[in-house]
Amino acid sequence: MTRMPLSTLVRARRGPRSALLVSALLVGGCPGSSSDDGDPDLSTASTRNRLIWKRQHALTQDLVRALELEPTELCTELGELDCINDVHQASLGGHDPIAQGLYEPIAEPLTTTPLALDRVALAACGRRVQLDRQAPVVFTTLALDGEAPSADAPAFEQTVVTLYRRLLGREPTPEELELHAELLVDDAGERVGADRFAHLSCFVVVTSAEFLFI
């Protein structure tokens, strides 16, 4: 299996859409992919023979723990349907023999899996940002109603460090800090709002291979 570094994926396009490249490409490198796929200069070989895809329940538990949300808060469609357990259950590796007639989970990710992961990640991160406006839990150093901080501001580094500690259990590398600094501005080079920066930074980490595979 080969894995394209997160920094390479997001640098492929700056601005608010940069993070959307991450999960679509990462899931394409799921277990079973050939080591010859892609440009070897942009790929890093896995240190394990086989990575395990983080499915529905594991994904829910890790997001609930890291973002301190209730399972029902992670993602809903039309304000009623649970994205993970109802709408995208099969795409996220779950199964329901009664309602769906699906007696066993799918063996490998579907073509719809990257979109489902994007949907859940965007919703969960957005919900955390929304709740932090009233009672900060994750984005404690950001003024979410104001402008995103500069790359050399303590609030920037602390925000990224907090996300990596909560979601990946480690400190971010200098390269990863540089990557997140690109999210401080839009495609035109204008500073974005702090809430948008928080949302996208969270999304980038949640949709990284390190979070989605174990």
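Helices here are DSSP runs of H or I at least four residues long, and strands are runs of E at least two long, numbered from the N terminus. With that rule, the protein has nine helices and four strands.

**Start with the whole chain**

You are looking at a predicted model. Colour the chain by secondary structure and walk along the sequence: the elements come in the pattern β-α-α-β-α-β-β-α-α-α-α-α-α. There are 214 residues, and 45% of them count as buried. If you display contacts with a separation of 6 or more, 68% of them turn out to be between residues 24 or more positions apart.

**Recolour by confidence**

Now switch to pLDDT. The average for the protein is 79, and 71% of the residues score at least 70. Select residues 1-43 next: here the pLDDT is below 50, although the stretch has 87 contacts in the model beyond near neighbours in sequence. Where pLDDT is low, predicted coordinates should not be read in detail, so let us move on.

**Select the cysteines**

How many disulfides does the structure hold? Two. Each such link is a covalent bond between the sulfur atoms of two cysteines. With the bonded cysteines numbered in sequence order, they pair 1-2, 3-4.

Begin with Cys75 and Cys83, shown as sticks. Their sulfur atoms are 2.2 Å apart in a disulfide. The link between Cys75 and Cys83 is left-handed, with -60° about the S-S bond. Is this pair buried or exposed? Buried means a relative accessible area under 20%. Cys75 is at 2% and is therefore buried, and Cys83, at 0%, is buried as well.

Next, select Cys125 and Cys202, where the S to S distance is 2.1 Å. This disulfide is left-handed because the torsion about its S-S bond is about -70°. Show the helices around the pair: Cys125 sits in α5 (residues 113-132) and Cys202 in α8 (residues 194-206), so the bond ties together parts that are 77 residues apart in sequence. Turn on the surface and these two cysteines are hidden too: Cys125 has 0% relative accessibility, and Cys202 also has 0%.

**Keep α8 and add α6**

With α8 still on screen, bring in α6, residues 154-168. Two packed helices are described by the angle between their axes and the distance between those axes. For α6 and α8, the angle is about 35° and the axes are 10 Å apart. The crossing of this pair is right-handed.

To see what fills the contact, show these side chains:

- from α6: Phe156, Thr159, Val160, Leu163, Tyr164, Leu167 and Leu168
- from α8: Phe197, Ser201, Cys202, Val205 and Val206

Cys202 is worth a second look, since this α8 residue takes part in the contact with α6 and is also bonded to Cys125.

**Look down α7**

Select α7, residues 174-181, and pick out Glu176, Leu177, Leu179 and His180, which are buried. Where do they sit around the helix? View α7 along its axis: these residues cover an arc of only 155°, so they lie on the same side of the helix.

**Finish at α9**

The last stop is α9 (residues 209-212), which contains Ala209. Ala209 is buried, with a relative accessible area of 7%. Add Trp53 and draw a line between the C-alpha atoms: Ala209 and Trp53 are 156 residues apart in sequence and 9.5 Å apart in space.

Key:
Residues numbered from 1 in each chain as written. Predicted model: local features only at pLDDT ≥ 70, side-chain atom pairs only at ≥ 80, totals over all residues. Heavy atoms only, no water. pLDDT = per-residue confidence, 0-100. Contact = heavy atoms within 4.5 Å. Disulfide = S-S within 2.5 Å. Buried < 20%, exposed > 50% of the residue type's maximum accessible area, 1.4 Å probe, protein only. Arc of directions from axis to C-beta. Axes fitted to C-alpha atoms, helices over the stretch in contact; angles between N-to-C directions. Left-handed = near helix turned anticlockwise from the far one by under 90°.
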